[in-house]
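Student: I would like a close look at one part of this protein, the strands and how they pair. Please set the scene before you go into detail.

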Amino acid sequence: MNEAAERNDFIREVIREDLAAGRHESVITRFPPEPNGFLHIGHAMSICLNFGVPEEFGGHCALRFDDTNPTREEQIYIDAIQDDVRWLGFAWAGEVRYASDYFEQLYAWAERLIEAGHAYVDDLSAEEIRDYRGTMTEPGRPSPWRDRPAAESLDLFRRMRAGEFAEGARVLRAKIDMASGNFNLRDPVLYRILNSPHPRTGDAWHIYPTYDYAHGQSDAIEGVTHSLCTLEFADHRPLYDWLIENLPVPATPRQYEFAPLNLTYTVLSKRRLIQLVREGHVAGWDDPRLPTLRGLRRRGLPPEAVRDFISRVAITKNVGTIEVQMLEACIRDALNPVAPRRMAVLRPLKVVIENYPEGEIEWLEAANLPNDPAAGTRKVPFGREIWVERDDFMEDAPRKFFRLSPGREVRLRFAYFVTCTEVVKDAAGEVVELRCTYDPETRGGDAPDGRKVRGTIHWVEASHGVTGEARLYDHLFAVPEPGAGGELMDDLNPDSLEVLQHCRLEPSLVDVANGERVQFERLGYFTRDSDGTAERPVFNRTVGLRDAWARVKAKG
């Protein structure tokens with residue numbers, strides 16, 4: 001309860017009041033995804049809330065798949081969703097549950113609604129139902145079948161279940177209020193005919209409940225106390241409550257809606273994400289540029305960073321947009337204390353140290369984590385020829401450029417001071433090699449005479465260095481609000497991925513496991529990707545070292 005006492009939002013306030021008033025003995029929630037797609041970071045907010053809140057109050061959360069549409073549901077999504085929930089660090093209470101577990105009970109309750117005069121079988125087509133439903137300014141019109149006798153509707157409903165009718169021929173509708181200002185109460189559809197086998201029930205059913213009908217009743221069967229969902233379901237709450245009130249359910253859950261997560265430079269619409277994948281704008285559902293949990297995991301986001309980010313987002317009813325840089329700051333906060341440091345040169349430029357003995361290799365001590373001596377050290381090779389970043393050299397350097405340039409001395413990380421003495425160019429005038437000298441008295445990075453250098457650069461020894469690939473990911477969209485000014489796809493960032501295929505990596509990087517995160521010194525945090533081989537690793541940039549979001553907030 002200590003953690004719950006520290007957090008305050010309207011949902012936790014409701015729960016505290018309910019517990020204090022004795023309305024509930026404990027808090028029971030559920031995470032109820034439809035198994036028709038992969039989860040994204042917006043779902044992570046729902047996961048953290050539905051699992052985290054009852055945990056704070058000593059309750060529990062169930063995982064239930066609302067599998068009411070067999071034409072769109074697949075086992076791959078069920079497996080992926082369970083995996084993603086575990087990855088985020090949560091465990092559900094009991095066995096995984098499914099709305100299909102309750103099909104018989106839901107059907108029996110539907111018959112009860114018919115018998116009570118609260119539902120009827122309608123012969124209107126889907127298009128006709130939309131037409132009869134009216135508009136925002138005009139009430140709906142009653143279906144010609146609205147007053148069909150209960151016995152006739154019951155007979156037809158049972159024949160619908162038996163598979164006697166074609167898809168679209170009939171539906172079961174609740175009889176509520178065709179003049180309601182809420183479209184969800186204008187005789188909503190409760191059951192429709194789908195002559196499709198279900199992944200779990202096979203060919204047993206020819207009719208399936210709609211999400212709106214199955215959802216609340218499944219909550220009631222499971223004893224859910226607080227049904228937490230995003231604001232898009234606020235208009236559905238009156239139907240949720242109407243069904244609970246008109247059926248003999250074993251519990252009376254209440255629905256509470258919170259604002260969904262929106263991020264700059266990001267789209268979270270399932271329809272838009274499908275479009276991005278199908279049109280080939282990304283390489284698949286686990287493309288590291290996508291906000292899917294599959295993609296974020298492949299990019300290298302640690303789950304604790306995602307949980308930290310969600311904890312910083314206010315739980316309110318006010319829709320807003322969070323800067324994606326806030327998420328990036330959380331990633332840095334999580335990785336900085338634990339990601340081992342390694343050296344990699346992404347855009348290599350060769351350096352020959354002319355006064356270093358030919359053929360000699362020495363192994364230098366390099367710290368794994370500069371601020372954590374307990375993390376130990378590793379050995380890195382050093383020799384006459386090394387690679388440095390091309391960006392760390394400038395031939396005509398300005399005064400405040402503290403890296404390599406002709407006649408300028410710099411420190412090589414963990415190694416020596418070196419001075420550039422000659423620039424070698426090819427026939428086109430491009431710099432292809434630097435000639436330098438080193439001071440053998442400066443091993444470890446300090447000069448015995450006390451002289452100082454302003455610049456320290458990283459490097460990789462040439463003969464032992466490994467060739468690898470780096471994938472530099474940026475925002476998938478070039479503007480903070482994609483699609484706000486017109487066509488969404490016009491806002492795609494043409495530089496969202498840069499692939500560097502000739503990077504030079506220190507030898508220890510071949511031992512990094514797939515999915516393991518490291519910091520490339522001075523460059524950013526990277527995660528090894530499964531696309532690479534043992535001899536030629538591939539690393540995805542998870543996030544850069546610069547925290548633009550923190551600087552902006554500091555100025556503000």
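Student: How many helices and strands are there in the protein? Then take me through the sheets, strand by strand.

Tutor: This is a predicted model. The protein has 14 helices and 25 strands. Its radius of gyration is 31 Å, well over the 24 Å that the globule rule gives for 556 residues, so the protein is more spread out than a compact globule. Along the principal axes, the C-alpha atoms fill a box of roughly 100 × 55 × 45 Å. Of the 556 residues, 52% count as buried. Take contacts between residues at least 6 apart in sequence: 70% of them join residues at least 24 apart. The exposed surface is about 25,000 Å², and carbon and sulfur atoms supply 47% of it. The protein carries 70 positive and 90 negative charges, and the mean positions of the two sets are 3 Å apart.

Now the sheets. One is an open sheet of 7 strands with mixed pairing, in the order E19-E16-E17-E18-E12-E15-E20. Its edges are strand E19 (456-457) and strand E20 (460-461); each has a single partner strand, so one side of each is left without a neighbour in the sheet.

Work through the middle of that order. Strand E17 (residues 417-425) pairs with E18 in the antiparallel sense, over 8 bridges. In this pair, Phe417 stands opposite Asp439 of E18. E17 and E18 form a hairpin, with 5 residues between them. Gly429 sits in the turn and has a positive phi of about 85°.

Next comes E12. Strand E18 (residues 431-439) runs parallel to E12, and 4 bridges join the two. Lys350 has Glu433 in E18 as its bridge partner. On to E15. Strand E12 (residues 348-353) and strand E15 (residues 385-389) are antiparallel, with 5 bridges. Here Val352 stands opposite Glu385 in E15. So E12 takes part in a parallel pairing with E18 and an antiparallel pairing with E15. Strands of a sheet pair through backbone hydrogen bonds, either parallel or antiparallel.

Another open sheet of 7 strands also has mixed pairing; its order is E10-E23-E24-E25-E21-E22-E11. The edge strands are strand E10 (341-342) and strand E11 (344-345), and each pairs on one side only. E10 pairs with strand E23 (residues 517-520) in the parallel sense, over 2 bridges. There, Arg341 stands opposite Gln519 in E23.

Follow the chain out of E23. Leu523 lies in the loop between E23 and strand E24 (524-529). Leu523 has a relative accessible area of 21%, so it is partly exposed; buried would require under 20%. Set aside its neighbours within four places in sequence. Leu523 is then in contact with Ala344, Leu346, Glu389, His458, Gly544 and Leu545. Two of these contacts can be placed on strands named above. Ala344 falls in edge strand E11 (344-345), and Glu389 falls in E15 (residues 385-389).

For a sense of scale, compare Leu523 with Leu113. They are 410 residues apart in sequence and 64 Å apart in space, C-alpha to C-alpha.

Methods. Residues are numbered from 1 along each chain as its sequence is written. This is a predicted model: local features need pLDDT of at least 70, side-chain atom pairs count only at pLDDT 80 or more; totals for chains, interfaces and linings use all residues. Side-chain values use heavy atoms; hydrogens and water are left out. The radius of gyration is taken over C-alpha atoms; the globule rule is 2.2 Å times the number of residues to the power 0.38. Buried means under 20% relative accessible area, exposed over 50%, partly exposed in between (1.4 Å probe, protein chains only). Contact means heavy atoms within 4.5 Å. Accessible areas come from the Shrake-Rupley method with a 1.4 Å probe; for residues, only the protein chains shown count as cover. Lys and Arg count as positive and Asp and Glu as negative; His and the chain ends are not counted. The place of a charge is taken as NZ of Lys, CZ of Arg, CG of Asp or CD of Glu. Two strands pair if DSSP finds at least two bridges between them.
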